[in-house]
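Colleague: Got a minute to go through this model with me? I'd like to hear the reasoning behind the labels.

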Amino acid sequence: MNVIGRLYLWVLYAMAGIAGAMLIWLMISVVTSVMMRNLGLQPFAWLFTSSEYAILYMTMLGAPWLVREKGHVHIELVTAALPPPSRRVVSRSVAAACVAVCALLAWKGGELMLTNIARNDLDVRAYYFPKWILTAAFPISFGLMAMEFSRFVFGSDLMHSGEAGIHE
């Protein structure tokens, strides 16, 4: 694999690792908040806000890796009933539709982020937080998901196995 390919994989796996760390942070922040409330203390303002942001980032940063690993949810009831040539056509068509949707969402997410920057939009909760930092996840994650789905359109691997049921 070339340098660009290795760098791309490193970014994908780093994003998934950060998403995993955010899942741990969510557990810690919820437990801490509940303990503080049970002790009659007011939880820190940033605790709840950081949890909300972590939910968004965890979802967006982990999604491209899930597509790569075929860990996303899809139902193979129809593809399991198809003969292999038809299954390939349907699987590649579904993947192409996923590329189109992800590319559109990446484009719109990029527009939203640029609008947030131009307007200097702020997310006002416990603190003033630039919105573009939140919306930056959209073009990055959806762009990477489009690239990952395109592997199933143009590569030798299909998104669908053709076997209905749970595969683990």
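Colleague: Why are E148 and R68 called buried?

Modeller: Keep in mind that this is a predicted model. Buried means under 20% relative accessible area. E148 has 0% relative accessibility, so E148 counts as buried. R68 is buried too.

Colleague: And what makes E148 and R68 a salt bridge?

Modeller: The cut-off is a side-chain nitrogen of Lys or Arg within 4 Å of a carboxyl oxygen of Asp or Glu. For E148 and R68 the N to O distance is 2.9 Å, so the pair qualifies. E148 sits in helix 6 (residues 137-154) and R68 in helix 2 (residues 45-68), so this bridge ties together parts 80 residues apart in sequence.

Colleague: What is the closest N and O distance between R151 and E148, and where do the two residues lie?

Modeller: For R151 and E148, the closest N and O atoms are 2.9 Å apart, and they form a salt bridge. Both residues lie in helix 6, 3 residues apart, which is about one turn of the helix. Shared partners in these salt bridges join R68, E148 and R151 into one network.

Colleague: Why is R151 called partly exposed?

Modeller: Partly exposed runs between the 20% and 50% cut-offs. R151 has 29% relative accessibility, so R151 falls in that range.

Colleague: How do you know that K70 and D157 make a salt bridge?

Modeller: Set their N to O distance of 3.0 Å against the 4 Å limit, and the pair passes. This pair links distant parts of the chain: K70 is in the loop between helix 2 and helix 3 (77-81), D157 is in the segment after helix 6, and they are 87 residues apart. K70 has a relative accessible area of 32%, so K70 is partly exposed. D157, with 36%, is partly exposed as well.

Colleague: How many salt bridges turn up in the whole structure?

Modeller: A search of the whole structure gives 4.

Colleague: Now the overall fold. Which elements does the chain have, and in what order?

Modeller: There are 6 helices and 2 strands, running α-α-α-α-β-β-α-α from the N terminus.

Colleague: What makes you say the chain is more spread out than a compact globule?

Modeller: The globule rule gives 15 Å for 168 residues, and the radius of gyration here is 20 Å, well over that, so the chain is more spread out than a compact globule. The C-alpha atoms fill a box of roughly 65 × 40 × 30 Å along the principal axes.

Colleague: And what share of the residues counts as buried?

Modeller: That's 33% of the 168 residues.

How values were computed
Residues are numbered from 1 along each chain as its sequence is written. This is a predicted model: local features need pLDDT of at least 70, side-chain atom pairs count only at pLDDT 80 or more; totals for chains, interfaces and linings use all residues. Side-chain values use heavy atoms; hydrogens and water are left out. Helices (H or I, at least four residues) and strands (E, at least two) are DSSP runs, numbered from the N terminus. The radius of gyration is taken over C-alpha atoms; the globule rule is 2.2 Å times the number of residues to the power 0.38. Buried means under 20% relative accessible area, exposed over 50%, partly exposed in between (1.4 Å probe, protein chains only).
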